[in-house]
Amino acid sequence: MSSISHLCGGDLLLENGGLQVISGADETRQRLLRRLLTNPGDYIWQPEYGVGLQSMVGEVVVPAVMQAAIRVQVLKDPGVDSSHSVDVIVSAADNGLCLCHISYVDADTGQQQTLDFSA
């Protein structure tokens, strides 16, 4: 199964005369980013969906709280194998950025995957 490719904050892309599609591990990564950046309550039909990392910009970084919230949401994604642990490391960089490293197992392939980003 594939989905329309879309990175949060970006435009839809065209490919071969239609919208660009994505599947597999890349699709899971895009879904995870969307879930992590969506504020809880923004989807009225799923009020517990999302972490709201964007709303935390400018706030004091409390790694343990962020890591727990991220771990819970990552395990809810169907592309993540919930029988394996999800490792989340949140740290503050010297330049004021918050760094996040997520390691999980892909549900379809059983392969270890990572997702790294900063805010």
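This passage walks through the core, the main pocket, the cysteines and one helix residue of a predicted model.

A good place to begin is the interior. The largest nonpolar core holds 18 residues, and L36, I70, V74, I102, Y104, L115 and F117 are the ones that touch the most other members. Several elements contribute to this core: α1, α2 (63–75), β5 (87–92), β6 (98–105) and β7 (112–118) supply at least two residues each. The largest share belongs to β6, which provides four residues.

I70 offers a helpful view of how these parts meet. Leaving aside residues up to four places away in sequence, I70 is in contact with L36, V51, L53, V88, V90, C100 and I102. Among these partners, L36 and I102 are themselves listed with I70 as core residues that touch the most other members.

Attention can now turn to empty space. Rolling a probe the size of a water molecule over the atoms shows where such space is left. In this model, the largest pocket has a volume of about 210 Å³. Its lining is made up of 15 residues, of which M56, V57, V61, C98 and A119 are the closest to the pocket centre. Both α2 and β6 take part in the lining, each with at least two residues. By character, the lining residues divide into twelve nonpolar, two polar and one charged.

C98, met above beside the pocket centre, leads on to the cysteines. The structure holds zero disulfides. Why do C98 and C100 not form a bond with each other? The closest cysteine sulfur to that of C98 is in C100, and the distance is 6.8 Å, too far for a bond; a disulfide would need the two sulfur atoms within 2.5 Å. Seen from the other side, C100 likewise has C98 as the residue with its closest cysteine sulfur, at 6.8 Å. Both residues lie below the 20% cut-off for burial: C98 is buried, with a relative accessible area of 12%, and C100 is buried as well, at 6%. C100 is also one of the residues that I70 touches.

Finally, a residue of the helix α1 deserves a look. Q30 sits in α1, which spans residues 24–37. Is Q30 buried or exposed? Its relative accessibility is 9%, so Q30 counts as buried. When residues up to four places away in sequence are set aside, the contacts of Q30 are I4, S5, H6, L7 and I22. The helix that carries Q30 is also one of the elements that supply at least two residues of the largest nonpolar core.

Key
Residues numbered from 1 in each chain as written. Predicted model: local features only at pLDDT ≥ 70, side-chain atom pairs only at ≥ 80, totals over all residues. Heavy atoms only, no water. Buried < 20%, exposed > 50% of the residue type's maximum accessible area, 1.4 Å probe, protein only. Contact = heavy atoms within 4.5 Å. Core = buried A, V, L, I, M, F, W, Y, C linked by side-chain atoms within 4.5 Å. 1 Å grid on protein atoms, 1.4 Å probe; cavity = no way out; pocket = protein on both sides within 12 Å on 5 of 7 lines; lining within 4 Å. Points joined across faces, edges and corners; volume = space filled by probe spheres on them. Nonpolar A, V, L, I, M, F, W, Y, C, P; charged D, E, K, R; others polar.
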